[in-house]
Amino acid sequence: MAIPHRLVEVRMSAQHVMVLTGAGVSAESGLPTFRDPLTGLWERFNPQELATPDAFRDDPSLVWGWYEWRRMKALRALPNPAHEAIRSLQEKVRRLTLVTQNVDDLHERAGSSPVHHLHGTLAHPYCSRCGAPYSFPPEIPEEPEEGRRVAPPPCAECAAHVRPGVVWFGESLPEREWDIAERAAQDCDVFLCVGTSSVVYPAASLIEHAAANGAVTIQVNPNSTSWDDRVSHDFRGPAGVVLPALVAGCSLR
Ligand code: BJW
Ligand code: ZN
């Protein structure tokens, strides 16, 4: 893919690149997105029944089983060329802040560090009553069938249900991660937005802040979003193809 010369210059002079990723960055690893027509999770599952605190209170085994199914899928998935390209960009630019809405650990497994998870992670569940962290047993269980109920484990401290370590609708984002993301959006001179529909707030406000502060904004997505006409550069294609091309030949510092 041909990358415009002007964009190469932008990267050469960048002091601080912020990367925000969404489910689309893991799509080519075989993990379904939420809102893609036909393949998105919300085509087959109702978010109100799975991704809210009320849903967990009403049917903890349904919700825990669904997240176990997703955790097993993520454990068996491998980072793809998009994750690798972001890792390699981190090595090439002066400063890079990587913020993800994803709950998988594919950025970490591609070698990126640190990774700021705005919506938590599948790896760190905690007690729904006292907040005590829960550690999964080391052995990887069989992948449960889609939609199968699995009882959540009891908390070792208070015996209440352990819940997935993710951020549901109506819940606050982790304060420290959100602070880092907000500050990076104010400070960055290049904002790279990859594989997100940019509809879930407050994460979707980050590109707004970066653009308002004069950052060059770049979107990588095979489909249209409300940002198509507002970004400085819109790359319409899969992240696993576009990002390696974007990062190739970029030698900075
Ligand atoms: C590819 C590709 C390829 C495909 N390559 N790309 C302001 C206005 C309106 C509403 C609100 C607002 N502020 C807050 C709200 C409410 C709510 C919200 O935003 N609702 C909107 C949906 C309207 N937000 C919240 O509730 C948040 N909390 C909050 O604001 O707290 C304060 C508060 C407290 C009390 C009351 C009110 C406010 C929390 C949001 C938590 C989101 N949680 C989820 C589930 C997490 C756990 C889990 O994984 O199950 O997070 S929802 C789901 O959406 C998940 C994702 O991280 C998130 C974003 O989705 P993402 O990543 O963008 O995925 P998709 O599927 O939408 O898009 C994928 C994209 O990839 C597509 O564009 C494809 O085209 C593309 N793609 N293949 C590149 N190969
Ligand atoms: Zn507890």
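Ala, Val, Leu, Ile, Met, Phe, Trp, Tyr, Cys and Pro are counted here as nonpolar, Asp, Glu, Lys and Arg as charged, and the others, Gly among them, as polar. The model is predicted, so local features require pLDDT of at least 70 and side-chain atom pairs pLDDT 80 or more, whereas totals for chains, interfaces and linings use all residues. Residues are numbered from 1 along each chain as its sequence is written, ligands are numbered from 1 in the order in which they are written, and side-chain values use heavy atoms, without hydrogens and water.

Ligand 1 occupies the largest pocket, a pocket being, on a 1 Å grid over the protein atoms alone, an open set of points with protein on both sides within 12 Å along at least five of seven lines; occupancy requires more than half of the ligand atoms within 2 Å of the grid points. Around ligand 1 there are 34 residues (a heavy atom within 4 Å), of which R35, R70, G170, T196 and S197 come nearest. This shell comprises 17 nonpolar, 12 polar and five charged residues.

Polar contacts (pairs of N or O atoms within 3.5 Å) involve an oxygen atom of ligand 1 and the side chain of T196, at 2.7 Å. Nitrogen of ligand 1 lies 2.9 Å from a polar backbone atom of V167 and 3.3 Å from one of G24. The protein buries 75% of the 1500 Å² that ligand 1 exposes when taken alone (Shrake-Rupley method, 1.4 Å probe).

The second largest cavity (grid points where a 1.4 Å probe fits but cannot get out) is lined by residues including W64, R71 and F136. Its lining has six nonpolar, one polar and two charged residues.

Note on methods:
Polar contact = N/O pair within 3.5 Å; in protein donor to acceptor, adjacent residues only side chain to side chain. 1 Å grid on protein atoms, 1.4 Å probe; cavity = no way out; pocket = protein on both sides within 12 Å on 5 of 7 lines; lining within 4 Å.
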